[in-house]
Amino acid sequence: MNVPEGTLLKSRVVERPRDPLAVALDRSLTGYAVFEPQEALLLDAGGCGIITFRDGVPELAYYTGTDRGGPRALADLAMPGPYHVELYRLARAELASIGEHDGLAIPPGMAAERLAGDPALASSTRRAAPAARRTDATDGETDDERADAEPGAVEAFLADEEKIDAIKTQARTEAQRRAEEWGFE
Amino acid sequence: MVEAFAVASGKGGTGKTTSTLALGMALSEEHDVTVVDADMGMANMLFHAGLSDVETTLHDVLTADAPVAAATYDRFDMTVVPCGTSLDDFRDADPTRLREVVAQLAADTDVLLLDSAAALDSRSAVLPIVLADRVIVVLQPTIPALSDALKVQEYATSYDTGVAGLLFNKVHDDDAIDEIATKTEQYFDGSTLSTVPDSEAAREARRAGRPLLAHAPSSPPAESFRQAAARIDVRNRGSEAVADRFRSAVVPDSP
């Protein structure tokens with residue numbers, strides 16, 4: 001996935017991936033976000049995630065560390081956080097130059113629903129999506145419904161045993177360190 | 001004869017308080033149940049249980065040496081211990097006193113349910129998980145909720161607290177929940193207690209200030225919570241032994 005260099009709007013560290021998705025929607029961003037997970041234990045997997053937006057609504061997702069796109073890229077991107085996030089604006093023509101990538105497309109609400117775990121933000125995002133993306137003209141299914149027929153982001157996350165082991169190891173280390181800090185034996 | 005459960009999720013918005021009261025009401029058909037709002041920074045059980053006007057809450061017990069009995073209320077066939085919402089009270093509260101409060105409550109009940117904080121970021125938030133015998137993990141089929149649920153389990157087991165099971169809450173029809181629940185169980189020590197459908201009934205109950213099982217007892221989510229409660233096998237233990245356990249719990253006396 002080749003993304004033209006955009007105009008940097010924001011660069012910050014966030015605990016949750018929800019915030020940049022909400023900012024993109026609020027600003028009707030046309031451009032992209034680069035998510036770089038900061039978790040040292042998980043950096044072996046390496047890489048960063050890119051989500052493109054048109055008028056605030058996510059269109060494509062790609063994760064460099066695994067070279068996977070679409071819902072699977074959202075699963076790859078799911079880390080305990082924090083993330084370093086950069087938001088970039090692109091001209092419409094530049095966004096169009098990325099082209100059509102079937103393997104990279106995500107339904108409008110999926111990042112908010114499955115990555116950020118925020119059904120309200122997912123609903124707002126779906127409402128902001130153009131009708132063509134909300135409802136398939138041929139069979140009446142929504143993008144999100146169609147995505148459920150394929151392995152979704154949650155299923156891909158649960159299939160990644162290595163990452164889940166890393167999350168558990170990190171939590172145990174944190175729990176033990178804090179037990180000392182807080183005076184639990 | 002008591003077992004203490006922390007109802008925990010690691011993430012806000014999963015419906016922990018609704019779940020705590022629903023499980024409490026379902027378990028009260030066979031056991032003496034006490035539910036405690038141990039989410040001291042974001043207390044809301046009093047709104048769910050129609051107790052928003054009461055004078056004495058857990059905060060008063062933890063800040064002003066009010067007796068525990070003054071903060072217990074018999075409602076919906078349970079003993080309910082709500083917590084106040086004043087941030088000043090929260091700042092003044094000594095969370096380590098919770099250990100003694102739990103020990104006292106444990107002496108008079110079969111089942112203690114501790115509604116826990118939505119985060120694992122402070123000692124008072126983690127304390128209910130430390131004090132409980134087992135955690136009931138409330139989660140939704142989303143990546144952040146699963147990730148936080150894994151953290152709850154690892155914190156619990158690090159502190160010798162077991163896992164009673166997983167409660168998938170606010171589940172939508174299109175969530176492919178059976179497949180997700182099966183895959184999720186591989187990573188947890190407990191199995192799925194129930195999958196509770198997302199429902200307007202739970203929101204209506206909250207607005208009415210009544211627990212879901214009192215407000216809409218035959219609704220689909222109420223049925224699911226009853227099923228979850230039936231799958232929790234409460235372990236019989238000597239109440240004195242349990243009270244001793246809390247008194248000698250690994251919590252220091254000063255913050």
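A residue is buried if 20 or more other C-beta atoms, placed from the backbone, lie within 10 Å of its own, exposed if 12 or fewer, and partly exposed in between. This is a predicted model, in which local features need pLDDT of at least 70, side-chain atom pairs count only at pLDDT 80 or more, and totals for chains, interfaces and linings use all residues. Residues are numbered from 1 along each chain as its sequence is written, while chains are lettered from A and ligands numbered from 1 in the order in which they are written.

**Exercise 1. Place E6(B) in its sheet and state how well E6(B) is covered.**

Step 1. Fix the terms. Strands (E, at least two residues) and helices (H or I, at least four) are DSSP runs, numbered from the N terminus. Two strands pair if DSSP finds at least two bridges between them.

Step 2. Read the sheet of chain B. The order is E3-E4-E2-E5-E1-E6-E7-E8, an open sheet of 8 strands with mixed pairing. Strand E3 (73-75) and strand E8 (192-197) of chain B each have a single partner strand, so one side of each lacks a neighbour in the sheet.

Step 3. Find the partners of E6(B). E1(B) runs parallel to E6(B), joined by 4 bridges. B:Ala6 has B:Val135 as its bridge partner. E7(B) is also parallel to E6(B), over 6 bridges. Here B:Ile136 stands opposite B:Gly165.

Step 4. Follow the chain. From E6(B) it passes through H7(B) to E7(B), a right-handed β-α-β crossover. Right-handed means that, with the strands pointing away from the viewer, the path from the first strand over the helix to the second runs clockwise.

Step 5. Check burial. In E6(B), 6 of 6 residues are buried. One face carries B:Arg134, B:Ile136 and B:Val138; the other carries B:Val135, B:Val137 and B:Leu139.

**Exercise 2. Which residues touch the most other members of the largest nonpolar core?**

Step 1. Define the core. It is a set of buried Ala, Val, Leu, Ile, Met, Phe, Trp, Tyr and Cys residues joined through C-beta atoms within 7 Å.

Step 2. Name the residues. The core holds 126 residues, and A:Leu74, B:Phe5, B:Leu112, B:Leu114 and B:Val135 touch the most other members. H7(B) gives the largest share, 8 residues.

Step 3. Inspect B:Phe5. Two residues are in contact if their C-beta atoms, placed from the backbone, lie within 7 Å. Beyond four places in sequence, the contacts of B:Phe5 include B:Leu112, B:Leu114, B:Val135 and B:Ala164.

**Exercise 3. Describe the sheet of chain A.**

Step 1. Give the order. This open sheet of 6 strands runs E1-E6-E2-E3-E4-E5, with antiparallel pairing.

Step 2. Locate the edges. Strand E1 (7-14) and strand E5 (68-69) of chain A have a single partner strand each, so one side of each has no neighbour in the sheet.

Step 3. Take one pair. Strand E4 (residues 57-63) of chain A joins E5(A) over 2 antiparallel bridges. A:Tyr63 has A:Arg68 as its bridge partner.

**Exercise 4. How many residues does each chain give to the contact between A and B?**

Step 1. Count. Chain A gives 27 residues and chain B gives 27 residues.

Step 2. Assign the side of chain A. H9(A) supplies the largest share, 9 residues.

Step 3. Sort by class. Ala, Val, Leu, Ile, Met, Phe, Trp, Tyr, Cys and Pro count as nonpolar, Asp, Glu, Lys and Arg as charged, and the others, Gly among them, as polar. The side of chain A has 16 nonpolar, 3 polar and 8 charged residues.
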